[in-house]
Amino acid sequence: MITLQTADLVRILPEIVLSIFGILVMVLEPFVAAAQKKLLGWMALLGVLAAATATVRTSFEPGLAFGGTIAADEFSIYFIYLFLLTAGLVILGSIDYLERNHAQHGEFYALVLLGTVGMCFMAASTDLIMIFLGLEISSISTYILAGFRRADRLSNEAALKYFLLGSFATAFFLYGIAFVYGLTGTTNLLGLSARLMEPSQWTTFARVALVLMFVGLAFKLSTVPFQVWTPDVYQGAPAPVTAFLSVGPKAAAFAVLLRLFLGGFASAGTVSFWILWISAALTMCLGNLAALWQTNVKRLLAYSSIAHAGYILVGVAAGGSRGISAVLFYLVAYALMNVGAFIMVAHLSGTGERLVQIEDYTGLAFERPGVAACLAVFFLSLAGFPTTAGFLGKFYVFRAAIHSHLIGLTVLALLNSVVSVYYYLRIVVAMYMREGKTEAATVELPWPVRTALAVSVLGIFYLGLAPKLPLGLSTLAALPLPK
Amino acid sequence: MVPLSHYLALSVILFVLGAAGFILRRNVISVFMCIELMLNAVNVAFMAFSRFLGTLDGQLFVFFVIVVAAAEAAVGLAIIIAVYRNRESLNIEDLDSMKM
């Protein structure tokens, strides 16, 4: 008999706080006058800060909760902070965006908070069924968010594509869980690794289960060949939502991947290694090559995010505490630069997101040097220039890969980073080296947006120049996973 | 007693039918129904395993899956209605505003 204990509740305190604030925002929404809806955004932000405080309390009470289905360990707490950071930046960037696009509804903030709850559960769960529930909570919230501009054709289309392919992927993941359950009689990750100790236990049946689960996760990670939805969804969804989509669910799926492939399925050895190797190689190459031809900035960033998923997979394939901590470091760097870039695009694109072509940024640096410099930092960090977070993220991942003797994959990743510099620089060149009058220069950036951008830029330089503390934290967070 | 393999064969057939329908069907509602079919294939597998393992966990999971599928259907149909209002079409081929 499992009884509910206070310690159990403390271990999911961040999720509880976020849920309460999410529900509160929904409940209060009809009572707030249309002109005051901004307040709901601030309330959601307060919820994120409250959850961050609650996480401190959780970290004092590490351990398993609810009969071993939730783990409050360094790994999950690291991810919870990452998700809260993302949610906070996205909310700061959305308040004025929604105002300008006449879509200021409280549900937006509630869905961001509830989606974050799902991601936190994905990272914290040690049971496949809880992971599945977390996946669905985050997915269903983000399906709605993708279609939040209801009257917009592109937003509709993005929501439908995301929904159909997302549910399709979920079915695969779930079928994998069913097979694992049939094979081992348990869905608990600890129980799984105990029953699948010997490589001889990896029969065809077990391998099929592994592949099915990987396919389900690969859709969320947008790795090749399961990336087809990514460009369309990222382009069609409202830009702040894209910021959220491109980081949150992806990082959560990486958390699950790490827990599964290096935890529960650790004994699968070569099978999982080659799955990771091949998908990392394909994802990097295709993401970067396709990005070269893009003229739409949101689409370009979508392909860039596919390529980044490839680099992160290199770290997962490398494994070991070095690989895991590199992946964790990279995810924070990726979150800062990607959210920053998308929030900037959201605001430069004007009402109705009309200005999203690279030409729309021509000559931006002459009229708005600060804005252009900020955007340049995001793109240079994505490209991996030294002194930025993107550079050190790549450096640690590649170093871990070399330590694990993945020479071929590392060479491929390095070549890919070189290719990627071309398309990131295209935007920087358009802003700085071409004359032109751009409508984007007239856009005002209110102070919440400036705050979000400043946090991202400072974060990028902090991670890039003084990585000691963040790297120490990511090494600490890698500890709970078996080596 | 019907052996486990029969149930699993049924489950695999349902799942493959659903996946094939997802790829081949052109109407959005049909595509969505194919996803539901896949989820039900999962349910059959869970039930069969639960029965033959002699544990109740699998039956419990089926309830989780049903609840999640219902939530997904609510959101999915709402999205489909929003799309239909904007385009007056539910054909997958018409969803091509964002081709390169």
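User: What share of the contacts in chain A between residues at least 6 apart in sequence join residues at least 24 apart?

Analyst: The share is 81%. Keep in mind that this is a predicted model.

User: What makes chain A as compact as a globular protein of that length?

Analyst: Set the value against the rule. The radius of gyration of chain A is 21 Å, and the globule rule gives 23 Å for 483 residues. The two are close, so chain A counts as compact as a globular protein of that length. Its C-alpha atoms fill a box of roughly 65 × 55 × 40 Å along the principal axes. Chain A has 20 helices and two strands.

User: How many of the residues in chain A are buried, as a percentage?

Analyst: Buried residues make up 63% of the 483. The test for each is 20 or more other C-beta atoms within 10 Å of its own.

User: Why are α14(A) and α19(A) called roughly antiparallel?

Analyst: Look at the angle. Helix α14 (residues 320-348) of chain A and helix α19 (residues 447-465) of chain A cross at roughly 150 degrees, and their axes come within 9 Å. Angles over 145 count as roughly antiparallel, so α14(A) is roughly antiparallel to α19(A). The crossing is left-handed.

User: Which residues meet there, and how do they divide by class?

Analyst: From α14(A), they include Val332(A), Leu336(A), Gly340(A) and His347(A). From α19(A), they include Ala452(A), Ser456(A), Gly459(A) and Leu463(A). By class, the contact has 13 nonpolar, four polar and no charged residues. Gly counts as polar here.

User: What makes α12(A) and α18(A) roughly parallel?

Analyst: Again, the angle. Helix α12 (residues 270-291) of chain A packs on helix α18 (residues 407-433) of chain A at about 15 degrees, with the axes 9 Å apart. Angles under 35 degrees count as roughly parallel, so that label fits α12(A) and α18(A). α12(A) passes α18(A) in a left-handed crossing.

User: Which residues make that contact, and what classes do they fall into?

Analyst: Among them are Trp277(A), Met284(A) and Asn288(A) of α12(A). α18(A) contributes residues including Leu412(A), Asn416(A) and Tyr423(A). The contact has 11 nonpolar, three polar and no charged residues.

User: How many residues does each chain give to the contact between chain A and chain B?

Analyst: Chain B gives 32 residues and chain A gives 30. On the side of chain B, α1 (4-24), α2 (28-53) and α3 (57-87) each give two or more residues. The largest share, 16 residues, comes from α3(B). By class, that side of chain B has 24 nonpolar, five polar and three charged residues.

Technical notes
Residues numbered from 1 in each chain as written. Chains lettered and ligands numbered in written order. Predicted model: local features only at pLDDT ≥ 70, side-chain atom pairs only at ≥ 80, totals over all residues. Axes fitted to C-alpha atoms, helices over the stretch in contact; angles between N-to-C directions. Helix = DSSP H or I, 4+ residues; strand = E, 2+ residues; numbered from the N terminus. Parallel < 35°, antiparallel > 145°, perpendicular 65-115°, else oblique. Left-handed = near helix turned anticlockwise from the far one by under 90°. Contact = placed C-beta atoms within 7 Å. Rg over C-alpha atoms; globule rule 2.2 N^0.38 Å. Buried ≥ 20, exposed ≤ 12 C-beta atoms within 10 Å, placed from the backbone.
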